[in-house]
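Good morning, colleagues. I should like to take you through the architecture of one chain, beginning with its sheet and ending with its helices. Please have the structure open as I speak.

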Amino acid sequence: MRLTEKATIENAKELRINAMEEIDKKEISSIQDEMEKRMYDWWGTWQPDYEGWLKCADSLYAPNAVINAIGGEQIYSDYRTSMKDQRDRCSMEMGPILQSIVSEDTVALCYEMYLTPKGLDNPPVFTMMVTEFNKFEEVDGKLMVTRLDLYTDGGNMPQ
């Protein structure tokens with residue numbers, strides 16, 4: 001997928017949905033195609049609110065998935081709690097996938113994430129560049145992420 005316009009917090013959702021609709025038109029001829037489609041579908045249906053995110057995330061991550069994000073390695077149930085804490089502090093929007101690479105059992109993604117602190121007048125928006133690696137396995141007959149390694153540039157967000 002190649003973006004034809006600059007991604008912003010305002011057009012991020014539209015661009016994510018457009019990319020999902022575009023990949024849905026492609027023929028799936030390998031497990032790698034299916035893995036990439038799962039990621040674009042996840043991106044297109046991603047929701048900024050915590051409850052909406054849970055609904056999407058529970059369909060992508062295996063219950064015992066290992067997640068290396070938000071402060072270190074944790075299992076998926078703990079990651080859910082970490083995401084709740086993050087959402088309590090910041091509003092979140094995801095930019096469209098800027099690049100995806102599929103190799104064997106892993107989909108690597110690059111995208112921008114927009115975090116806006118809550119409870120401030122005229123809060124800044126922190127734009128982070130994110131790279132993540134999603135390892136897939138079949139779990140109970142469904143292709144799911146069993147390991148996520150997520151790295152950001154920090155977006156100049158204060159510690």
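Let me begin with a single pair of residues: Ile67 has Leu148 as its bridge partner in S6. I should say at once that this is a predicted model. The pair belongs to the junction of strand S1, residues 61-68, with strand S6, residues 142-152, where the two run parallel and are joined by four bridges.

We may now widen the view to the sheet. Six strands make up an open sheet, and their order across it is S2-S1-S6-S5-S4-S3, with mixed pairing. At the edges are strand S2, 73-75, and strand S3, 90-103, each of which pairs on one side only. From one strand to the next, the twist averages 25°.

Consider next the other neighbour of S6 in that order, S5. S5 and S6 pair over ten bridges in the antiparallel sense; within S6, Leu150 is the bridge partner of Glu132. How many residues lie between S5 and S6 in their hairpin? There are two, and Asp140, in the turn, has a positive phi of about 50°.

On to strand S4, residues 106-117. S4 runs antiparallel to strand S5, residues 126-139, and ten bridges join them. Here Tyr114 finds its bridge partner in Thr127 of S5.

I turn now to the helices. Helix H1 lies across S3 and S4, and its direction is at about 30° to S3. Helix H1, residues 12-24, also packs with helix H2, residues 31-45, at an angle of about 145°, the axes being 8 Å apart. Their crossing is left-handed. From H1, the contact involves Arg16, Ile17, Ala19, Met20, Ile23 and Asp24; from H2, the residues include Tyr40, Trp43 and Gly44. By class, this contact of H1 with H2 has six nonpolar, two polar and five charged residues.

The second helix pair is H3, residues 50-60, with H4, residues 76-89; their axes are 11 Å apart and the packing angle is about 155°. Why are H3 and H4 described as roughly antiparallel? The angle of about 155° lies over 145 degrees, the cut-off for that description, and H3 and H4 are therefore roughly antiparallel to each other. H3 passes H4 in a right-handed crossing. Among the residues in contact are Tyr50, Trp53 and Leu54 of H3, together with Tyr76, Tyr79 and Met83 of H4. The contact of H3 with H4 comprises seven nonpolar, one polar and four charged residues.

Notes
Residues are numbered from 1 along each chain as its sequence is written. This is a predicted model: local features need pLDDT of at least 70, side-chain atom pairs count only at pLDDT 80 or more; totals for chains, interfaces and linings use all residues. Side-chain values use heavy atoms; hydrogens and water are left out. Axes are lines fitted to C-alpha atoms, for helices over the stretch in contact, and angles run from 0 to 180 degrees between N-to-C directions. A crossing is left-handed if the near helix is turned anticlockwise from the far one by less than a right angle, and right-handed if clockwise. Contact means heavy atoms within 4.5 Å. Ala, Val, Leu, Ile, Met, Phe, Trp, Tyr, Cys and Pro count as nonpolar, Asp, Glu, Lys and Arg as charged, and the others, Gly among them, as polar. Angles under 35 degrees count as roughly parallel, over 145 as roughly antiparallel, 65 to 115 as roughly perpendicular and the rest as oblique. Two strands pair if DSSP finds at least two bridges between them.
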